[in-house]
Amino acid sequence: MTPTPIKRTGFGMAAAMALALPLSAQELTIIRAQDSNHYDPPRTTAQSGAEVIFMLSDTIVGLAEDMKTIQPLLASSWDVSEDALTYTFTIRDDVSFCDGKPMTAEDVAWSLNRWQDPETKSPVRWRMGNVKSITAPDATTVVYELNAPHSELLYQLAQSFGSVIDKDTYETLGKDFGVTGFNGTGPFCWESWTPRDKIVLTRHDAYKWGPANYDNAGPANVEKVTWQIVPEAATRTVALLTGQGDISPYVPFIGYDTLRDAPNINVIRSENAFWTNYMGFKITKDLVGDVKVRQAINLAVNQEAMAEDLFFGEVEPAYSYVSSGALDYDETLNDGLLKYDPERAAALLDEAGWILNNDGKREKDGKVMEPLAISFTGEWQQTSEAVQADLLKIGIELQIEPMDSTVYWGKSATDEFEMYVMGYPYISAGDALNLYFRSANIPTPNRMNWDDAETDDLLVAGSQATNDADRAAAYAKVLHKVHDSAVWLPIYHRPMQIAYSSKLAPFEAHNIYGAGLYKGLQLAFTE
Amino acid sequence: MTATTTEIPPATSPQPDSNIGGSSDMTAPARAHWMRRLLRDRAAFLALLTLALVILGAIFAPLLATHDPASNSRSVMTPPAWMARGKAEHWLGTDGQGRDIYSRLLYGSQLTLLIGFLAVGLGGFIGSLLGLLSAFNEKIDPWIMRTMDVLLSFPAILLALALVAVMGQGILPVVIALGISSIPDCARVARGIAIGVMKQEFIEAGRAVGLSNLQLFNRYLLRNAISSIMIFISLRFGQTILIGATLSFLGLGAKPPAAELGMMASQGREFLLFAPHIAVIPSVLIFIIVLSANVAGDALRDVLDPRLQA
């Protein structure tokens, strides 16, 4: 997109509002939109939790920016048994916690066992697979035994949930672990947290075991990192322009052009973000129970226009439920994707018996087609309104109920809607499909009520496959199945975009769980 | 009704100019007279004219609108026609969804005014009735007024939040919440005015000639208090519109894609830095409506309230 005069006006206003605060060169301020409920690794599923936990602690293995290459991290190497049931990790012997205590295989096993302990109530325990036992036979060995193979295990172990923490600190702090303090082996250490304002981290000087995707294995280049919450999107843009913050992965789409034009800001982008925003159908509801209706809705919505107009060309219009770059995406899906075709949409509705009435609305057996969509407020409300306007053109009167995120999560677990909105990060097609389409995950995150025995079997087959081809084949079948049933209306794939001050050395964006800065070892001031 | 044969003094009779002392308090000036005086006040004239234009615009929105207010287009965030990049087709520009702001303003003021009228009507009617009853009957007075004190302690916004939680988002809970929150103020003012009226000799005279309570209330109290109450309600109108717009701004009022001025301002908030017109234009219209309502109410009070007359 070319810069437009209106955006230049915005830049001028921002400059006029400048209140640049001088910052010590080695202190980095990252601007973000929201806080996490706490920072206890296995118990928070918030993206804002993960992005800080990755800096505070390490996982047994790491993941490279390409989202495919597993890197040694706390484990220097590992062996997988032939039946794919036993993973034997060799743990580094030179790792220490922030308080100076050496870390051993015992700590790794304890942290992983805590993740799978039902008492921890981790909402993402399923990511660990069907665990038989996790033990540390000696100070440098961890044995992870499964009851059934789990093809994505290493990817899942790279997620923040399995971060290794110090048992003693956890026992001292109890429920306050990750609230009043933290003790991990990450490149940064916990200094203080003011909820909904900022969390301050200081450099872990002894750190030298960073994953191989970074040139710098440690210690970190910057002395201090402050994650500052700025809830208002426009203010985040201004904060970067005026130098009040050095980096932000949370710039509103409308702000990127302004930032790219600004001499003191660079923007990096990665298409491997694997973050998809979609609207799901509650397929057990009458109004959207017919696959033809769901297909018609898919055909009536112009994702391309939305991507250009609403999101200023910063996103990729989505027609598939998983980004085509993700591991195990099936290319043969591309032929059958439902792209904008309002005429076919109208024909499908006619076929399904939903006929235009005198008011221009679709009607069947005296019932008017007015499905209810629940939505977050803010950016999602704009998206829902655009969908609403597109559907109106084929006679569907979508009702929107926008609500605050604090209310939305509870509401989305009910049966009181036909459509809902959601955006989600994933590392592979299998990760995405297992999350959403298992019947055991009804009512949430399987809010569609997709209950299909064959899907369940295929998902188990994919997750227990012992070779890549079998796994890909099983997931491909599920992808075809759910796409054919049009259980979602995909809207866009969001790239990872990070705006940063030109005072910083260029770096590559990461994508794991939406945490674009990952370990923070790459961040360095050049002046 | 034993007094049917008695000659009932006409309701307007207890306001002769010749009344001695301060008893001309309740005198209504001659109608033609106040109208002329109102229009002579330039600010008031302008305010009334503006209000009339906004109301007419709202009523004839379907005729005046150039676009469907709910229909989006590919030209998003077009600035107003007089600015660079502006288009004559959308003379006030378009919003984030490419909808015509001018057409949405017309439909938006329809909803905003409707919320204001309904809420003030509801609150004003119930409140004034309670206030008048309170002044008329000393026995129920403390009951009513203490209930009003309780109601007074509920902020309108909190009440609306609770109602929206129960009833779901929409215009109705907002109207009810605003109506309820107007009740205590109207009741207190109506009671104050009515107490003054009740002290007048004609009330006693009416009682003496054997008028029923209903007749006394209706003919003597109500008719003499109504103009002052109406002034208060007209002043309350602007305030109610403002709170109504605030509630919509917070996402509690109208449902998308309906246009409502507060909601339109809220939708533009996210683009304030880049396309300020989306939020500024509806906000300016809210400002104009509220200002006009307040100026007109003030002027009405000036000409109608005898206490302010020399």
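Strand β15 of chain A is joined to strand β16 of chain A, residues 362-364, by 2 bridges, and the two run antiparallel. To find this pairing in the model, which is a predicted one, look for A:Leu356: its bridge partner in β16(A) is A:Arg362. The pair belongs to an open sheet of 3 strands in chain A, with the order β15-β16-β17 and antiparallel pairing. At the edges of this sheet are β15 (355-356) and β17 (367-368) of chain A, each of which pairs on one side only.

Staying in chain A, let us move to helix α6, which covers residues 233-241. Is this helix enclosed by the rest of the structure or not, and how many of its residues are buried? Of its 9 residues, 8 are buried, so α6 of chain A is largely enclosed by the rest of the structure. If you would like to pick them out, the buried residues are A:Ala233, A:Ala234, A:Arg236, A:Thr237, A:Val238, A:Ala239, A:Leu240 and A:Leu241. Keep following the chain and, just after α6(A), you will meet A:Gly243, which takes a positive phi of about 80 degrees.

Now for the place where the two chains meet. Here 23 residues of chain B are in contact with 26 residues of chain A. Sorted by class, the side of chain B that touches chain A has 12 nonpolar residues, 7 polar ones and 4 charged ones.

Next, a pair of helices within chain B. Two packed helices are described by the angle between their axes and the distance between the axes. For helix α4 (residues 101-136) and helix α5 (residues 141-152) of chain B, the angle is about 145 degrees and the axes are 8 Å apart. The contact draws on B:Leu130, B:Leu133 and B:Ser134 from α4(B), while α5(B) brings B:Asp141, B:Ile144 and B:Met145. Together, the residues of this contact divide into 4 nonpolar, 1 polar and 1 charged. As for handedness, α4(B) passes α5(B) in a left-handed crossing.

Our last stop is B:Ala258, in the loop between α9 (213-249) and α10 (261-269) of chain B. Why does B:Ala258 count as partly exposed? The reason is its 18 C-beta neighbours inside 10 Å, because a residue needs 20 or more to be buried and 12 or fewer to be exposed. B:Ala258 and B:Arg104 are 154 residues apart along the chain, and their C-alpha atoms are separated by 8.6 Å.

Terms used. Residues numbered from 1 in each chain as written. Chains lettered and ligands numbered in written order. Predicted model: local features only at pLDDT ≥ 70, side-chain atom pairs only at ≥ 80, totals over all residues. Pairing = 2+ DSSP bridges. Helix = DSSP H or I, 4+ residues; strand = E, 2+ residues; numbered from the N terminus. Contact = placed C-beta atoms within 7 Å. Nonpolar A, V, L, I, M, F, W, Y, C, P; charged D, E, K, R; others polar. Axes fitted to C-alpha atoms, helices over the stretch in contact; angles between N-to-C directions. Left-handed = near helix turned anticlockwise from the far one by under 90°.
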